[in-house]
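Grab a pencil and work through these short exercises with the structure open beside you. Try each task before you read its solution.

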Amino acid sequence: MPTHAPPAAPGPARRWDVFARARTTLDALEHLAGGFGTAVLALVVLLSAVVTALACLVGVGLPLVPVALRGVRAVAGRERARLSRWGPEIIDPEPAPSGLRAALADPATRRELGWVATHAVLGLFLSLAGLTLPLNAVRDLTFPLWWRLLPPDEAATASMGFWTVRDLPGALGVGALGLGWIAVTMLLTPGMARLQAWFGRRLLAPDPGTDLALRVAQLTATRAAALDAHAAELRRIERSLHDGTQNRIVAVTVLLGAARRAVARDPADAKAILERAQDAAEQALAELRGVVRSILPPVLTDRSLSDALTGLAVGCPVPCRIDADVPVRCAASVEATAYFVVAEALTNIARHSRARHVVVRVRRRDDRLHLQITDDGRGGANELSGSGIVGIRNRTEAHDGTFMLDSPTGGPTTLTVSLPCGS
Amino acid sequence: MRIVIAEDDPLLREGLALLLRAESLDVVATAAGPDGFLRAVDAHDPDVAIVDVRMPPTHTDEGIVAAVEARRRRPGLAVLVLSAYVEQAFATELLAHGSSRLGYLLKERVGRVEEFLTALHRVAAGGTAIDPDVVAQLLARTRPDSGLDRLSPRERDVLALMAEGLGNTAIADRLFVTDGAVHKHIRSIFAKLDLAPTDQADRRVTAVLRYLEDAQRRW
């Protein structure tokens, strides 16, 4: 008999496929358990948000607003990451504004607040209810094993009042109820898990229109910055080849010309000129090596990022410690960017900071390369003071990385850069 | 011959001065930038200025600007511009007010001392020295129907040397022919290109360069 079975679509498993259904149920229980964690956190931040709101009403809550907003953002971010693990990825929104008015006007923050309230109440209830079902099943299934240990009064009501449990058949009946609980669990929990996630997916996903527009604008800007950085780099190379190496070689030819003319006149004179010509040729070679190194340091390709950075530290006039732990290599362009960020930062520090020590920390975490360069100099560095920092920002953002400079007057200065590894 | 050198690269500046002094030429001052150069021109009243194109602060065309300004201040000053690479726009800017007492050469030509000194003397004597590369670029970029295709290969050689600023005798030496043969070629070239014939070297250079530039612009 031909059957018109529906194609195996993601969704509710077909009823008769017990194993598939069991798997779905276990997944759902896992999700509900995870949801329980974020629901408890949501309850905490909901309560603190309410407290903050009340404190604002009596006029003392404003300083708490950024803290509460950070809490909301943190829990929402955790839920986004959790949901992204078992469904379509949910992209983080732009950083939340820290002011109260701006935050309340920010649609992403308002939706997050709505999610916190929903998840703290309905989400918590769904998790608790969903997780209670299998516990009930276990309790009832094992009931015939331990019912005799119960005081008779308590044991008597174990069948939810359907019958009074006084003997083994009655207890076995309770055991059968356990099967019922399993059926209910299998029937309900997938839906409950989906419902719980639905609110998160609905409220935590970026507003479709605005967010893509923002992302496009951001990409356009970083792309332009990438091309700018590229052009600036080419200009730098051209300049150093032109005004350095080429001039040296021209000087060599000029001196050689002069030497040739001098040979007939005064051989001693010619010898002196040839000496200078050789000096100039050696200078040309040294400069050429410098240019090549500045395009892409060979040690970076031959060895590793840590080795290349150690080389930089050795050449830095300020004592510098490299604390690099990068077991897995990143894409070549990312490593080159990291290298130049550190090189540029060390140059800046040596030039302006009057620091006595520098520490460069490099870590690879979550597919991102994290750089942190800290010096104990006089601080007060900003992007307006020198082009070096702008260059670092451009190079970083060209790779879709993030850049942070913390440099209070009096120091210490910390430059934090994080780059997607691209591998 | 009193010479002022403007070149920002110290090694090259000293090398040039050394070379010229060894040839018993009088290098009266050297300068590392356009301002120092103009001061030196005012102070020493030289016959010839040798000027690098790229100088501080922006390392673009400071040398050209300074050379034009120096000639505005002292119309009789001969200027030989040295450049690390051939940029026809610089040549055009430089030659905008005639080609007399002007030279534009690649830096490395200095190493061929005899030719460099010939060019230097030619410029100091009121002539012109245009780098063969500039002329080659002009010739290469002209459009096919510019009239140049009516020239014979030998006539093209003569035209190129004329554009560099060489006089009839120098052209004859370079091509291993007689003066008379060169004269004949030049008359033929001027006729084919509809240019007014002249024997005065600098006016001839100007005419030829203008012609080549026009031929290029119509491209």
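**Exercise 1. Find out how β3(B) and β4(B) pair, and which residue of β4(B) is the bridge partner of A49(B).**

Step 1: β3(B) and β4(B) run parallel and share five bridges. Strands here are DSSP runs of E with at least two residues, helices are runs of H or I with at least four, and both are numbered from the N terminus. Two strands count as paired if DSSP finds at least two bridges between them.

Step 2: Look across from A49(B) and you'll hit V79(B), its bridge partner in β4(B).

Before you go on, a word on the model: it is predicted, so local features need pLDDT of at least 70 and side-chain atom pairs count only at pLDDT 80 or more, while totals for chains, interfaces and linings use all residues. Residues are numbered from 1 along each chain as its sequence is written, with chains lettered from A and ligands numbered from 1 in the order in which they are written.

**Exercise 2. Follow β4(B) to its other partner, β5(B), and work out the handedness of the β-α-β units.**

Step 1: β4(B) is also joined to β5 (residues 102–106) of chain B by five bridges, again in parallel. There, S83(B) sits opposite L106(B).

Step 2: Now trace the connections. β3(B), α3(B) and β4(B) form a right-handed β-α-β unit. Another right-handed unit consists of β4(B), helix α4 (residues 88–94) and β5(B). Right-handed means that, with the strands pointing away from you, the path from the first strand over the helix to the second runs clockwise.

**Exercise 3. Why can we call β4(B) largely enclosed?**

Step 1: Get the rule straight. A residue is buried if 20 or more other C-beta atoms lie within 10 Å of its own, exposed if 12 or fewer, and partly exposed in between, with C-beta atoms placed from the backbone.

Step 2: Count along residues 78–83. Six of the six are buried, so the rest of the structure largely encloses this strand.

Step 3: Check both faces. A78(B), L80(B) and L82(B) point one way, V79(B), V81(B) and S83(B) point the other, and all are buried.

**Exercise 4. Hunt for unusual backbone angles in the loops of chain B.**

Step 1: Start with D45(B), which isn't a glycine yet has a positive phi of about 45°. D45(B) lies in the loop between α2 (34–44) and β3. With 13 C-beta neighbours inside 10 Å, D45(B) is partly exposed.

Step 2: Move on to the loop between β3 and α3, where you'll find H59(B). H59(B), also not a glycine, has a positive phi near 55°. Its 15 other C-beta atoms within 10 Å make H59(B) partly exposed.

Step 3: Look for a cis peptide bond. One joins P56(B) and P57(B), with omega about 5°. P57(B) belongs to the loop between β3 (48–52) and α3 (62–73).

**Exercise 5. Describe the side of chain B that touches chain A.**

Step 1: Count residues. The contact takes 17 from chain B and 18 from chain A, where contact means C-beta atoms, placed from the backbone, within 7 Å.

Step 2: Find the largest share on the chain B side: helix α1 (residues 10–22) gives seven residues.

Technical notes. Two residues are in contact if their C-beta atoms, placed from the backbone, lie within 7 Å.
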